[in-house]
Amino acid sequence: SFMSEIMGLRVLEQQLQDKLSVRSAIVVPGNSDSHEWVKQEMGKASVAFLKTIIGDNNTIAVTGGTTMAAAARMMTALTNQGDPLFVPARGGIGEKVENQANTIASEMARKANGDYRLLYVPDPLSESAYQSIIQEPSVNETLQQIKSATIAMHGVGDALTMAQRRKTTDAIIQKLKDNHAVSEAFGYYFDGEGNVVHKVRTVGIQLEDLERMPYVITIAGGKSKARAIASYFKQGKSDLLITDEAAAEQILKGN
Ligand code: BG6
């Protein structure tokens, strides 16, 4: 029945909180590997949660990906007053335009009646280009807004899936394999224990910045992402996991 289905999801949420040591978890029905609408359900849940925490002068940093793109589709007006500001969490990290953080930030801003700032940086970025690009006043100003974001919303990917999607070099793919990379978030690749084994160089939020961010919201689902989600939660900061039933069940099985 509907009621026992809901009760079952609440039990999964409790168990996930314990297993991943996360303060809150929200589980939506289904498996986003096989149904696109499940990503939109996770997106809806994220918008509903945002409404409970949004105050004045919030800056929301968002990552790219198909899950975040689905969340953007579900965005609705967040407040009556106090425009939220949307910014991309990090500079271009190899996504198609529709799944880029810039695109998602601008779409969310439009639907939430907010504002946005974008970040245009080449990817990948050499050390010298990085050093000079962060001196650019327009980049620097956006960077300060990103670093002082009050809310981060981000996806998590399977490490090798993300590396291939970004057309990562063979040498780096080999490095990821040698170091048993399992997950990827914010351009960082993590092993099964949550250690960073590789990092994409780009401007924006660094892992350390998350520690002082009031709310980090992780959105990731699908049975195929269970190991990746568990790996991110070994070390990565997050206050809320929004996932689906298939990922939750697989995580609880211990993969
Ligand atoms: C990317 C983010 O855009 O999306 C990654 O930069 C994240 O950090 C990935 O892992 C998730 O993508 P998807 O399509 O699985 O939601």
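In this predicted model, the axes of helix α2 (residues 36-53) and helix α3 (residues 66-73) come within 7 Å and cross at roughly 60°, where axes are lines fitted to C-alpha atoms, for helices over the stretch in contact, and angles run from 0 to 180 degrees between N-to-C directions. Helices (H or I, at least four residues) and strands (E, at least two) are DSSP runs, numbered from the N terminus. The crossing of α2 and α3 is right-handed, a term used if the near helix is turned clockwise from the far one by less than a right angle. Contact, meaning heavy atoms within 4.5 Å, brings E36, K39, Q40, M42, G43, S46 and V47 of α2 to T66, T67, A70, A71 and R73 of α3. The residues of this contact comprise four nonpolar, five polar and three charged.

Helix α3 is mostly covered, with six of its eight residues buried, that is, under 20% relative accessible area (1.4 Å probe, protein chains only). These buried residues are T67, M68, A69, A70, A71 and A72, and they pack against α2, β2, α4 (101-112), β5 and β10.

Two of the strands just named, β2 and β5, belong to an open sheet of seven strands in the order β1-β11-β10-β5-β2-β3-β4, with parallel pairing; two strands pair if DSSP finds at least two bridges between them. At the edges stand β1 (24-28) and β4 (115-116), each of which pairs on one side only. Strand β2 (residues 59-62) runs parallel to strand β5 (residues 151-154) and is joined to it by three bridges, with A61 opposite A152 in β5. Helix α10 (residues 226-235) lies across β5, β10 (215-219) and β11 (240-244), and runs at about 175° to β11.

A further open sheet has four strands in the order β6-β7-β8-β9, with antiparallel pairing. Because β6 (157-158) and β9 (196-199) stand at the edges with a single partner strand each, one side of each is left without a neighbour in the sheet. Two bridges join β6 to the antiparallel strand β7 (residues 181-185), and G157 has E184 in β7 as its bridge partner. Helix α8 (residues 170-178) packs on this sheet, touching β7, β8 (188-191) and β9, and its direction makes about 170° with that of β9. Helix α10 also packs on this sheet, where it touches β6, β7 and β8 and makes about 75° with the direction of β7.

Residues are numbered from 1 along each chain as its sequence is written, and side-chain values use heavy atoms, with hydrogens and water left out. Local features need pLDDT of at least 70 and side-chain atom pairs count only at pLDDT 80 or more, whereas totals for chains, interfaces and linings use all residues.

Technical notes. Ala, Val, Leu, Ile, Met, Phe, Trp, Tyr, Cys and Pro count as nonpolar, Asp, Glu, Lys and Arg as charged, and the others, Gly among them, as polar. Buried means under 20% relative accessible area, exposed over 50%, partly exposed in between (1.4 Å probe, protein chains only).
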